[in-house]
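Got a few minutes to poke at a model together? Have a look at it, and then we'll go through some questions.

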Amino acid sequence: MRASKNMKNQVFIGHLTKDDIVYKDGHTRFNSIGGATLYCSGGACLWGGNASIISVIGTSYDYDCLISLAREKNLNIDGVHKIDGHGLDIWVLYDDNDDQYYITKYYSDEIVPTYDMISEELLNDDHIFHITPMPLTAQADIVRYLSNRKCMITLDPHQISCGSAYMKEWEDILPKLHIFFPSKLQFRLLSGTTNPTANLESIAKFADFYKVEILVLKAAEEGAYLYLRDSKALYHIPSAAKNIVDCTGAGDAFAGGFTHSYVHDLDPLKALYYASVSASFAMESYTATDLFSIDKQDAIQRLNAFEGKIEKVLY
């Protein structure tokens, strides 16, 4: 379960959750392990390679299930810290339209991972650190620490931190990121743009103003947009999903697939293909653990079939 030394690695930092799920037909799935950090790991691990998790779990979390996934997929969970009491426990409720409602049952500041949980072993130039959605103060502390260590940093914002009240903090940390992964809704809240996919210039203006090196706008069924600040180029890729059943975790799986490819090749366009395929499998699944059962050959086959789908767009 330990990451191999001297090999490129993705490190995912954020929440792991215990989900009690109630579907619209009444059937349930209790004690399911989930969370953005697990979806990211699943999106990366379906391609092989090395990935590590930095997180905090409580006694209600099914640690044995996590150990099983780690053994099967070369997932390093040495950075998962256990505390007495509950971790982040959530009800996930589906209505007749398959819309989801999240009810947090247990939460405390104890379950927020911090930069001092990152081992020295992981702090090297060959690793990429992805910070999953958490309170902005926690994300900012980790960004500043990793930036001082000259690490490659990517980040997915938490929706509650995507408002005008937080822009001074964002102005400080966004230039420190290598890649920023907002969703369409998060970007709307950050930029004030009503519909960014109908106003593509807003993506470029935001990235240029806040000095974001690479901005990837995740737009679920609409696919994703990639903006490269150095070349002022904007690209679009459609969704690779074939049979969408649930978009939960798709953006996180997208980031996992992207970072897996990018840390090896530093090619953002190639990474966009991997990201889209990882997201597609999440959209065709109901839980984070389903991602870990995807056969790598199926992913490669979908990747090959998706070649040539990226288009450069004018804005």
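Q: Is Asp172 buried, partly exposed or exposed, and what is its relative accessible area?
A: Keep in mind that this is a predicted model. Buried would need a value under 20%, and exposed one over 50%. Asp172 falls in between, so it counts as partly exposed, with a relative accessible area of 30%.

Q: Which residue does Asp172 form a salt bridge with?
A: Asp172 sits in helix H4 (residues 167-173), and its partner is 28 residues away in helix H3 (residues 136-148). The closest N and O atoms of the pair are 2.8 Å apart. The partner is partly exposed, at 27% relative accessible area. It's Arg144.

Q: What is the N to O distance in the salt bridge of Lys184 and Glu222?
A: Lys184 belongs to helix H5, while Glu222 is in the loop between strand S11 (214-218) and strand S12 (224-228), 38 residues apart in the chain. Lys184 is partly exposed at 23%, and Glu222 is partly exposed too, at 35%. Their side chains meet at 2.6 Å.

Q: Which residues are joined into one network by salt bridges that share partners?
A: The structure holds 13 salt bridges, and the Asp172–Arg144 pair is one of them. Shared partners link that pair with others into one network: Asp141, Arg144, Glu169, Asp172 and Lys176.

Q: How many residues apart in sequence are the parts that Asp20 and Lys105 tie together?
A: The two form a salt bridge, with the closest N and O atoms 2.5 Å apart. Asp20 is buried, at a relative accessible area of 5%, whereas Lys105 counts as partly exposed at 29%. Asp20 lies in strand S2 (residues 17-22) and Lys105 in strand S7, so the parts tied together are separated in sequence by 85 residues.

Q: At roughly what angle do the axes of H5 and H6 cross?
A: H5 (residues 184-191) and H6 (residues 201-210) have axes that come within 11 Å. The contact is made by Phe187, Leu190 and Ser191 of H5 with Ser202, Ile203 and Phe206 of H6; by class that's four nonpolar, two polar and no charged residues. H5 passes H6 in a left-handed crossing. The angle is roughly 60°.

Q: In which strand is confidence lowest, and at what mean?
A: The chain averages a pLDDT of 90, and 97% of the residues score at least 70. Residues 1-6 stay under 50. Going by named elements, strand S10 (residues 179-180) is highest at 98, and the lowest is strand S7 (residues 100-106), at a mean of 80.

Notes: Residues numbered from 1 in each chain as written. Heavy atoms only, no water. Axes fitted to C-alpha atoms, helices over the stretch in contact; angles between N-to-C directions. Helix = DSSP H or I, 4+ residues; strand = E, 2+ residues; numbered from the N terminus. Left-handed = near helix turned anticlockwise from the far one by under 90°. Contact = heavy atoms within 4.5 Å. Nonpolar A, V, L, I, M, F, W, Y, C, P; charged D, E, K, R; others polar. pLDDT = per-residue confidence, 0-100. Salt bridge = Lys/Arg side-chain N within 4 Å of Asp/Glu carboxyl O. Buried < 20%, exposed > 50% of the residue type's maximum accessible area, 1.4 Å probe, protein only.
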